[in-house]
Amino acid sequence: MRTESTHSPVGLTRYAGWELDVRRTVPVGAPELWRRLLDDWLPQWLEVDSVPQMVGAPLRITDRVRGRVVGCHVGRRVRLDWTPPDLDHETMFEVTLLEDTGATVILLHQERLLDAAERQRLLDHWTAVLSELRI
């Protein structure tokens, strides 16, 4: 008797489509990491001028809007609707900082990806971004 698997492929969710998570633990406190994340890293990673901490604020590059802030817990999490420069569709991108004794976990989450290939390409990209992070 053959049974069909009811499990989805890794990274495929019922409501968010394809998604990914990448994390790295660094020996820095969350307040310092948050400042660097918002001032330096996120604008560079997302190729935008800045990442505001106000819900509804646009993400811009020069005069072009590339997304908006849909959630922000200052010092802990920012959630964005964002269209990456190399994609023709909007994704949801979230960064969360989780404090652990003497260290902080940086968790990157992205969803609304189109397929397994796009997920793998972005998973490789974000893994490299976090592994190259200079603290």
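Here are four short exercises, each with a worked solution, on the structure shown above.

The model is predicted, so local features need pLDDT of at least 70 and side-chain atom pairs count only at pLDDT 80 or more, while totals for chains, interfaces and linings use all residues. Residues are numbered from 1 along each chain as its sequence is written, and side-chain values use heavy atoms, leaving out hydrogens and water.

**Exercise 1. Work out the strand order of the sheet and find which strands stand at its edges.**

Step 1. Start with the terms: strands (E, at least two residues) and helices (H or I, at least four) are DSSP runs, numbered from the N terminus. Two strands pair if DSSP finds at least two bridges between them.

Step 2. Follow the strands across the open sheet of seven: the order is β1-β2-β7-β6-β5-β4-β3, and the pairing is antiparallel.

Step 3. Look at the two edges. β1 (12-13) and β3 (58-61) each have a single partner strand, so one side of each has no neighbour in the sheet.

Step 4. Check the partner of β3. Four bridges join β3 to β4 (residues 64-73), and the two run antiparallel. Here Pro58 stands opposite Arg68 in β4.

**Exercise 2. Find which strands each helix lies across.**

Step 1. Contact means heavy atoms within 4.5 Å. Axes are lines fitted to C-alpha atoms, for helices over the stretch in contact, with angles from 0 to 180 degrees between N-to-C directions.

Step 2. Take helix α1 (residues 30-46): it lies across β2 (17-26), β4, β5 (77-82), β6 (91-100) and β7 (103-113). Its direction is at about 155° to β6.

Step 3. Now take helix α2 (residues 116-131), which lies across β2, β5, β6 and β7 and runs at about 15° to β2.

**Exercise 3. Trace salt bridges in the structure and describe how exposed their residues are.**

Step 1. A salt bridge is a side-chain nitrogen of Lys or Arg within 4 Å of a carboxyl oxygen of Asp or Glu. The structure holds nine of them.

Step 2. For exposure, buried means under 20% relative accessible area, exposed means over 50%, and partly exposed lies in between (1.4 Å probe, protein chains only).

Step 3. Begin with Arg68 and Asp81, whose closest N and O atoms are 3.2 Å apart. This pair links strand β4 to strand β5, 13 residues apart in the chain. Arg68 is partly exposed at 41%, whereas Asp81 is buried at 7%.

Step 4. Move to Asp86 and Arg121, which meet at 2.9 Å, N to O. Asp86 is in the loop between β5 and β6 and Arg121 is in helix α2, 35 residues apart. Asp86 is exposed at 51%, and Arg121 is partly exposed at 39%.

Step 5. Finish with the network: salt bridges with shared partners join Arg68, Asp81, Glu90 and Arg112.

**Exercise 4. Decide whether the rings of Trp41 and Trp45 are stacked or edge-to-face.**

Step 1. Rings of Phe, Tyr and Trp (its six-membered ring) pair if their centres lie within 6.5 Å; planes under 30 degrees apart are stacked, over 60 edge-to-face, and the rest tilted. The structure holds five such aromatic pairs.

Step 2. Trp41 and Trp45 have ring centres 6.3 Å apart and planes at 10°, so this pair is stacked.

Step 3. Place them in the chain: they are four residues apart in helix α1, about one helical turn. Trp41 is buried at 8%, and Trp45 is buried at 12%.

Step 4. Widen the view: ring pairs link Trp41, Trp45, Trp82, Phe93 and Trp126 into a cluster.
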